[in-house]
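Dear colleague,

I am passing on the structure below, together with some notes on its charged side-chain pairs. Please read them with the model open beside you.

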Amino acid sequence: MLNSIIEMFHSIIGAITGENDRKKIRGTVVLMKKNVLDFTDFRSSIIDRVYELVGKGVSLQLVSAVHDDPTNGLRGKVGKPAYLKGWITTITSLTAGEESAFKVTFDHDAEIGQPGAFIIRNNHRSEFYLRTLTLEDVQGHGRIHFVCNSWVYPAYKYDTDRVFFTNQTYLPSETPGPLRGYRESELVNLRGDGTGELKEWDRVYDYAYYNDLGNPDRHGKYARPVLGGSVEYPYPRRGRTGRPPSETDPNTESRLPLLMSLNIYVPRDERFGHIKMSDFLAYALKALVQFLLPEFEALCDSTPNEFDSFQDVFDLYEGFKVPDGPLLDKIKDNVPLEMLKELVRTDGEGFFKFPTPQVIKEDKSAWRTDKEFAREMLAGLNPVVIRRLKEFPQESKLDPKVYGNQNSSITKEHIENHLDGLTINKALEKKRLFILDHHDTLMPYLRRINTTSTKTYASRTVLFLKDDGTLKPLAIELSLPHPDGDKFGAVSKVYTPAEHGVEGSIWQLAKAYAAVNDSGYHQLLSHWLNTHAVIEPFVIATNRQLSVLHPINKLLDPHFRDTMNINALARQILINAGGVVESTVYPSKYAMEMSSVVYKNWVFTEQALPADLINRGMAEKDLDAPHGLRLVLDDYPYAVDGLEIWSAIETWVEDYCSFYYKTDEMVETDSELQSWWKELREEGHGDKKDEPWWPKMHTVKELIDTCTIIIWVASALHAAVNFGQYPYAGFLPNRPTISRRFMPEEGTPEYEELKSNPEKAFLKTITAQLQTLLGISLIEILSRHSSDEVYLGQRDTPEWTLDATPLRAFEKFGRKLADIEENIIKRNGDERFKNRVGPVKMPYTLLYPTSEGGLTGKGIPNSVSI
């Protein structure tokens, strides 16, 4: 009714003034009001209605792509303001993420001609999420569509106008003259000026060191070194927040209180989407740290903090009762029931229950077999470390002047009787010996790590490729630093397979120590460093140097979704001093420092899957083979599936880039592209700026190779090392993250316990009960897909570009990924490939391109989004 009266009023005024006789451009704006998401925003909602009544609503002005304004620096001529209609009367659903459509009518202005952009001013008191603007029947041009996908704050929050461009794609040199000034100014705004503390409405992308992990103001034991900007501790850059330094150490940035974790700055458009329930995800992570951790601690202090048997661990998935008392009362009082059900699987009556991990779903004991232990190096959570053994014994690359003799002590006598009749030299020649080697990574830190509650070794595991294509472990070497000093080398002991008696129990422990090494390497390096941390500089540089009109921005943007947000939350809650990672993974307080040392060996071009496989000796170049290389181990599920995904990405990127760049000269003369690549090397990965291996970005091929690597790392590589966390490691005895005591020595009480109660001895050695509860709660959250996830081969809008050829190439890419998924399903059902399912009867699905939401163990999201 009110809407009709307002429309009638405008019609009367239009008739009097002659407005109704002028030609109009009618448009539709799709947006989401903030108060849909924020029930506390009621006051701003009321004020917005008042502003609408007095004519101070949301205005839009079209910007010409063809006619410039000499009085405005030759920028495109700007039309008269038009206002959204029906703000007051449009019913806003309370469903999270519900969008509303509003009409807007522009006067046709011949001096505008074809609109190439529009300016929007939000005169309300609260922000809204602007999805699209669509203009209908623009004279001579028909329908014009603008994809916006951005939060628009009240105009008084900004120093400059908010400008949005059509979904046309332009290289910098091809940009219509009237739009160039707007294009350049928008990039300047996104770069900021490098000063001040950034606020939620700021749209600034800038760089900083990892100087926000420590908290020396809390206590000296929470001080941590600054990562990045030094030879000793090189690191990729993170997004700058501009918070002031801590009081204790001027080089360390002050930290937000834990309760304020959601407020850590990232550019507003980089925050989790509404449907992803960022508040819930962050709430869950916070709850783990600030609420459940101390409460479980209290519970575990009142009962022995140990699992006594594997059945105690199985009970986590079958339901266990929290005793009545303060813990249960506090849980009921402080955690909303729906969130509690989601977070800790309780029915409200005190029964906690975690989902059963796939690794024990079909068979509760198969995880203990040597065959499964080896298979997971090829088709498990961390299939990116195993390499072919090219020399025997394995030599260390550590400096012998500092670390003495660190070469492997595994000898011919340990393994030669188990090579199916081959000599060691023959097995090496036939490419049938492999190694999982964490020795050199861990040894420089091991002495310090073992001063904490962790008691562990540096491990090497040697394996043999059997005739049926499976691997069998031959020996595990566990090494400690020499008690008299590093220069005296390692003190090592070698363990070989055994099935029965105390020898069998010792072998199970040896595998557990190797798994502890691999779990820490996986979480800190394969996962955090090699996907999350290394991608963030690309996100920042792309937004600072490549306009939204640039084809490479349009290509890469989906692969950066949510990355800055999840990384910021990680710095606040997970990888910080005293955070969840330090509490649940063996390197403890040295975790991030250790990842910095490993970054010294990071090479961008070796992140390409073919280069990685060749580098690890798992493949050899063969131009006649699919993908240009031949796998040494045919039944290597990660590599087989990964190469198909890699090849599909590479073909898509080649089709796309070749459309916009016909010659190498076009790459060299693209000013934005060259600025992007220069800044990425010199700022984003600034500690690596002088490395000779960086592509020069002089050719179309270099551009294709670079973009393929970025997309691979952000999508498929991250999926391969992230979404299997709960399926494989949700049962922690399979993937322990901590060891708390050394291998029992004969003649000790621990050795006697190992003989009399091997399960209890095993569980007292690996991750304790409290860390297990905390660890599996965390990885359950991190292994879930949100319901609005966008997967590889998908876009969140079909109209992301106007160019038909790239759209057709993208459809071809999607069809290819669907074919790959069918291929994976067929391979998983083929009994010849024994590594694809294994003793645990768990098919390898981590590189399925698609998935439904939730805890699925499959699906490749476009980006590092969790």
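I begin with Glu593, which is buried, its relative accessible area being 10%. In this predicted model, the side chain of Glu593 meets that of Arg448 in a salt bridge, with an N to O distance of 3.4 Å. Because Glu593 belongs to helix α17 (residues 591-599) and Arg448 to helix α12 (residues 439-449), the pair ties together parts of the chain that are 145 residues apart in sequence. Arg448, for its part, is partly exposed, with a relative accessible area of 34%.

A second pair is formed by Asp467 and Arg432, whose closest N and O atoms are 2.7 Å apart in a salt bridge. Asp467 sits in the loop between β16 (458-465) and β17 (471-481), while Arg432 sits in the loop between α11 (424-429) and β15 (433-437), so this salt bridge ties together parts that are 35 residues apart in sequence. As for accessibility, Asp467 is exposed, at a relative accessible area of 67%, whereas Arg432 is buried, at 15%.

The third pair is Glu111 with Lys77, a salt bridge in which the closest N and O atoms are 3.3 Å apart. This pair links distant parts of the chain, 34 residues apart, with Glu111 in the loop between β5 (100-107) and β6 (115-122) and Lys77 in strand β3 (residues 75-78). Glu111 has a relative accessible area of 47% and is therefore partly exposed; Lys77, at 21% relative accessibility, also counts as partly exposed, because the cut-off for buried is under 20%.

These pairs are among the 50 salt bridges that the structure holds. As general background, side chains of opposite charge can pair when their charged atoms come close.

A word on confidence is also in order. The mean pLDDT of the chain is 89, and 86% of its residues reach 70 or more. Over residues 1-11, however, the pLDDT is below 50, and this stretch has six contacts in the model beyond near neighbours in sequence. The pLDDT is likewise below 50 over residues 335-350, a stretch with 37 contacts in the model beyond near neighbours in sequence. Where pLDDT is low, the predicted coordinates should not be read in detail.

With best regards

Notes. Residues numbered from 1 in each chain as written. Predicted model: local features only at pLDDT ≥ 70, side-chain atom pairs only at ≥ 80, totals over all residues. Heavy atoms only, no water. Salt bridge = Lys/Arg side-chain N within 4 Å of Asp/Glu carboxyl O. Helix = DSSP H or I, 4+ residues; strand = E, 2+ residues; numbered from the N terminus. Buried < 20%, exposed > 50% of the residue type's maximum accessible area, 1.4 Å probe, protein only. pLDDT = per-residue confidence, 0-100. Contact = heavy atoms within 4.5 Å.
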